[in-house]
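This report walks through a single model, from its loops and helices to its bound ions and ligand. Keep the viewer open while reading.

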Amino acid sequence: MQILKDRIRKDGKIKAGNVLKVDSFLNHQMDIKLFGEIGKEFKRRFADVEVTKILTIEASGIGIACIVAQYFDVPVVFAKKTQTKNIAGEVYTTKVESYTHGRVYDIIVSKEFLGAGDKVLLIDDFLANGKALEGLAALVRDSGAELVGAGIVIEKGFQVGGDLLRSEGIRLESLAIVESMDEEAQTIVFRDDE
Ligand code: G4P
Ligand code: NA
Ligand code: NA
């Protein structure tokens with residue numbers, strides 16, 4: 001998606017450890033006009049599938065998922081990150097191992113809001129190692145709902161998440177795939193640049 005790649009080049013900041021900071025427009029301050037364009041683009045790419053629900057994960061997936069959902073005209077459910085297990089039975093739950101943060105956390109979704117008959121589109125801002133998205137896919141599986149695809153704003157193509165999810169047969173649409181980044185020169189190569 002060209003306007004997104006242009007915006008990443010203009011306002012993204014490359015930090016040590018292959019971290020791309022986009023918090024002036026994506027996941028701290030949010031450019032809602034850009035989010036609208038992103039919503040339109042996901043709707044275009046998933047025009048052939050029926051979607052009844054959008055599922056994301058707190059915190060930074062929520063804003064983008066809400067705007068995207070307006071174009072699909074469906075509710076948004078966000079998985080909660082939690083340490084407490086006393087709600088077992090009423091929720092779907094799975095463990096997510098965050099490589100970046102070096103910790104394991106539980107994610108939960110109430111059984112009330114996901115179930116057989118739902119056709120679920122996953123939406124998230126970043127795809128790196130793919131553990132969060134794999135966790136969401138596991139919750140969808142447990143609920144008996146159908147996973148119709150995953151829409152990602154920025155995929156870090158040099159990390160394993162994208163390949164992992166595609167190899168599992170998940171239909172993955174990433175609007176910008178970063179192939180490589182150079183911190184010193186502050187330059188970014190996207191996958192489909194040539
Ligand atoms: P994974 O889910 O793909 O395995 O992600 P990983 O553990 O590698 O990353 C941990 C968190 O850091 C995730 O946010 C992910 O979106 C975010 N992240 C990974 N790489 C980058 C990057 O280059 N730039 C930015 N800005 N974020 C990155 P999260 O756990 O979902 O936290 P939250 O911010 O949504 O609360
Ligand atoms: Na994040
Ligand atoms: Na996120």
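## The loop before H3

Alanine 59 sits in the loop between S3 and H3. The model is predicted. The peptide bond from glutamate 58 to alanine 59 is cis, with omega at about 0 degrees. Most peptide bonds are trans.

Alanine 59 also faces ligand 1: one of its backbone N or O atoms lies 3.3 Å from an oxygen atom of that ligand.

## Ligand 1

How many residues surround ligand 1? The count is 19, and the closest are Leu20, Ser60, Thr100, Gly130 and Lys156. Serine 60 places a polar side-chain atom 2.6 Å from an oxygen atom of ligand 1. Lysine 81 contributes a side-chain N or O atom at 3.2 Å from an oxygen atom of the ligand. Taken alone, ligand 1 exposes 710 Å², of which the protein buries 84%.

## The sodium ions

Which protein atoms serve as donors to the sodium ion (ligand 3)? They are Ser60 (OG), Asp124 (OD) and Asp125 (OD), at 2.5 to 3.1 Å from the ion. Along the chain, these donors follow the spacing S-x63-D-D. Aspartate 124 and aspartate 125 are both buried.

A second sodium ion, ligand 2, lies 3.5 Å from ligand 3. Serine 60 coordinates both ions. The side chain of serine 60 also has a polar atom 2.6 Å from an oxygen atom of ligand 1.

## Helix H3 and its exit

Helix H3 covers residues 61–72. Its twelve residues should span 16 Å at 1.5 Å a residue, and the end C-alpha atoms are 16 Å apart, so the two agree. The buried residues are Gly61, Ile64, Ala65, Ile67, Val68, Ala69 and Phe72. An α-helix has 3.6 residues a turn, so residues three or four places apart point the same way. The buried residues of H3 pack against helix H2 and four strands: S3 (53–57), S4 (76–82), S7 (119–127) and S8 (146–156).

Aspartate 73 comes just after H3, in the loop between H3 and S4. Its phi is positive, about 60 degrees, although aspartate 73 is not a glycine. Most residues other than glycine have a negative phi. Is aspartate 73 buried or exposed? Its relative accessibility is 71%, so aspartate 73 counts as exposed.

## Helix H2

Helix H2 passes the length check too. Its 14 residues should span 20 Å at 1.5 Å a residue, and the end C-alpha atoms are 20 Å apart, which agrees. At the N-terminal end, aspartate 31 acts as a cap. One of its side-chain oxygens lies 3.1 Å from the backbone nitrogen of lysine 33.

The buried residues of H2 are Leu34, Phe35, Gly36, Ile38, Gly39, Glu41, Phe42 and Arg45. Their cover includes H1, H3, S7, S8 and S9.

## Aspartate 11 in helix H1

Aspartate 11 belongs to helix H1, residues 2–11. Its side chain makes a polar contact of 2.7 Å with the side chain of arginine 7. Another polar contact, at 3.5 Å, goes to the side chain of lysine 10. Leaving out residues up to four places away in sequence, aspartate 11 touches Lys21, Ser24 and Phe25.

## Strand S9 and the loop after it

Serine 174 lies in strand S9. Its relative accessible area is 8%, so serine 174 is buried. Beyond four places in sequence, serine 174 touches Arg45, Ile152, Glu155 and Arg166. Arg45 is itself one of the buried residues of H2. With glutamate 155, serine 174 makes a side-chain to side-chain polar contact of 2.6 Å. Glycine 162 is twelve residues from serine 174 along the chain, and their C-alpha atoms are 8.8 Å apart.

Where is glutamine 186 found? Its place is the loop between strand S9 (172–182) and strand S10 (187–190). Glutamine 186 has a positive phi, near 55 degrees, and is a residue other than glycine. At 40% relative accessibility, glutamine 186 counts as partly exposed.

Key: Residues numbered from 1 in each chain as written. Chains lettered and ligands numbered in written order. Predicted model: local features only at pLDDT ≥ 70, side-chain atom pairs only at ≥ 80, totals over all residues. Heavy atoms only, no water. Helix = DSSP H or I, 4+ residues; strand = E, 2+ residues; numbered from the N terminus. Expected span 1.5 Å × (residues − 1). Buried < 20%, exposed > 50% of the residue type's maximum accessible area, 1.4 Å probe, protein only. Contact = heavy atoms within 4.5 Å. Polar contact = N/O pair within 3.5 Å; in protein donor to acceptor, adjacent residues only side chain to side chain. Donors = N, O, S within 2.8 Å, 3.2 Å for Na, K, Ca; no water. Near = heavy atom within 4 Å. Areas by Shrake-Rupley, 256 points an atom, 1.4 Å probe, with all protein chains shown as cover.
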